[in-house]
Amino acid sequence: MSGVTILMVDDEVEIIKLMEIYVKNEGYTLLTANSGIEALEILKTHKVDLIILDVMMPKMDGIQACMKIREENNTPIIMLSAKSQEIDKIAGLSIGADDYVTKPFSPLELIARIKSQLRRYKQLNSSTARNENEIQIDELIINAASHRVTVEGEEVKLTPREFDLLHMLAINRGLVLSMDKIYTEVWNEPFMESKNTVMVHIRKLREKIEKDPQHPQYIKTVWGIGYKIE
């Protein structure tokens, strides 16, 4: 995973020097800070992919720093502490840390924890981005980014016009859209008695996405007005 930047916050210089070797061997960039205050300043000017945060530090300890970071940042945080009591671990995790490693620790174990958190964060972000592009209505899923439509997990092949028509109905879910509104938006030209064009495309769409096109589950007709997805 290239291009990864890690911020290590610890007032023990020896630990930072040791981890610098292991972190750089993985191809990561390491930024360092000796206190929570210094870490917050670095985060203002640098994009960081993961933070290793010691609990016991002068000026601002790791607990306070973690709470401040979490006010506006969801970057993965691994807490380091010489305290091994269960209550200390719970305290660290409850304020927003993603993992907790007790000192003394194995550098290889910490590297493994770093990789695990980076994978988890990447997957979470990918999932979030994907969900922002998706509209799900029961078993119908419409992905605006990939122009992919699935029904009950099976991909449905739509023409670009059919996709635009379905997407327009989906983003206006619950609203009745008139035929002239649909035609103007989807075909991007003035509505000139084009009801048949819209009706034909609606019929084709139903044949592709509905189990029973005669009794549609998704695209409903509102007689005398137009169509809607409930």
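**Exercise 1. Find which residues of helix α3 are buried, and on which side of the helix they lie.**

Step 1. In helix α3 (residues 62–69), the buried residues are G62, A65, C66 and I69. Buried means under 20% relative accessible area, exposed over 50%, and partly exposed in between (1.4 Å probe, protein chains only). Helices (H or I, at least four residues) and strands (E, at least two) are DSSP runs, numbered from the N terminus.

Step 2. These residues span an arc of only 100 degrees around the axis, so they sit on the same side of α3. The arc is taken from the directions that lead from the helix axis to the C-beta atoms. An α-helix has 3.6 residues a turn, so residues three or four places apart point the same way.

Step 3. The buried residues of α3 pack against α2 (36–45), β3 (50–54) and β4 (77–81). Contact means heavy atoms within 4.5 Å.

A note on the model: it is predicted, local features need pLDDT of at least 70, side-chain atom pairs count only at pLDDT 80 or more, and totals for chains, interfaces and linings use all residues. Residues are numbered from 1 along each chain as its sequence is written, and side-chain values use heavy atoms, with hydrogens and water left out.

**Exercise 2. Classify V23 and T5 as buried or exposed, then list what each touches.**

Step 1. V23 belongs to helix α1 (residues 13–25). Its relative accessibility is 0%, so V23 counts as buried.

Step 2. Leave out residues up to four places away in sequence; V23 then touches I6, Y28, L30 and I111.

Step 3. T5 is part of strand β1 (residues 5–9). With a relative accessible area of 14%, T5 is buried.

Step 4. With residues up to four places away in sequence not counted, T5 touches T29, L31, K47, V48, D49 and L50.

**Exercise 3. Work out how α8 packs against α7 and against α6.**

Step 1. Helix α7 (residues 179–187) packs on helix α8 (residues 195–209) at about 80 degrees, with axes 9 Å apart. Axes are lines fitted to C-alpha atoms, for helices over the stretch in contact, and angles run from 0 to 180 degrees between N-to-C directions. The two helices α7 and α8 are therefore roughly perpendicular. Angles of 65 to 115 degrees count as roughly perpendicular, under 35 as roughly parallel, over 145 as roughly antiparallel, and the rest as oblique.

Step 2. α7 brings M179, I182, Y183 and W187 to the contact; α8 brings K195, T197, V198, M199 and H201.

Step 3. The axes of helix α6 (residues 160–171) and α8 come within 10 Å and cross at roughly 85 degrees. So α6 and α8 are also roughly perpendicular to each other.

Step 4. R161, E162, L165, L166 and L169 of α6 meet H201, I202, K204, L205, K208 and I209 of α8.

**Exercise 4. Lay out the sheet that holds β10, β11 and β12.**

Step 1. The 3 strands form an open sheet, ordered β10-β12-β11, with antiparallel pairing. Two strands pair if DSSP finds at least two bridges between them.

Step 2. β10 (177–178) and β11 are the edge strands, each pairing on one side only.

Step 3. β11 (residues 219–222) and β12 (residues 226–229) pair over 4 bridges. K220 stands opposite K228 in β12. The two strands form a hairpin with 3 residues between them, and G224 in the turn has a positive phi of about 85 degrees.

Step 4. β10 and β12 pair over 2 bridges. Here S178 stands opposite G226.

Step 5. α6 lies across β10, β11 and β12, at about 70 degrees to β12.
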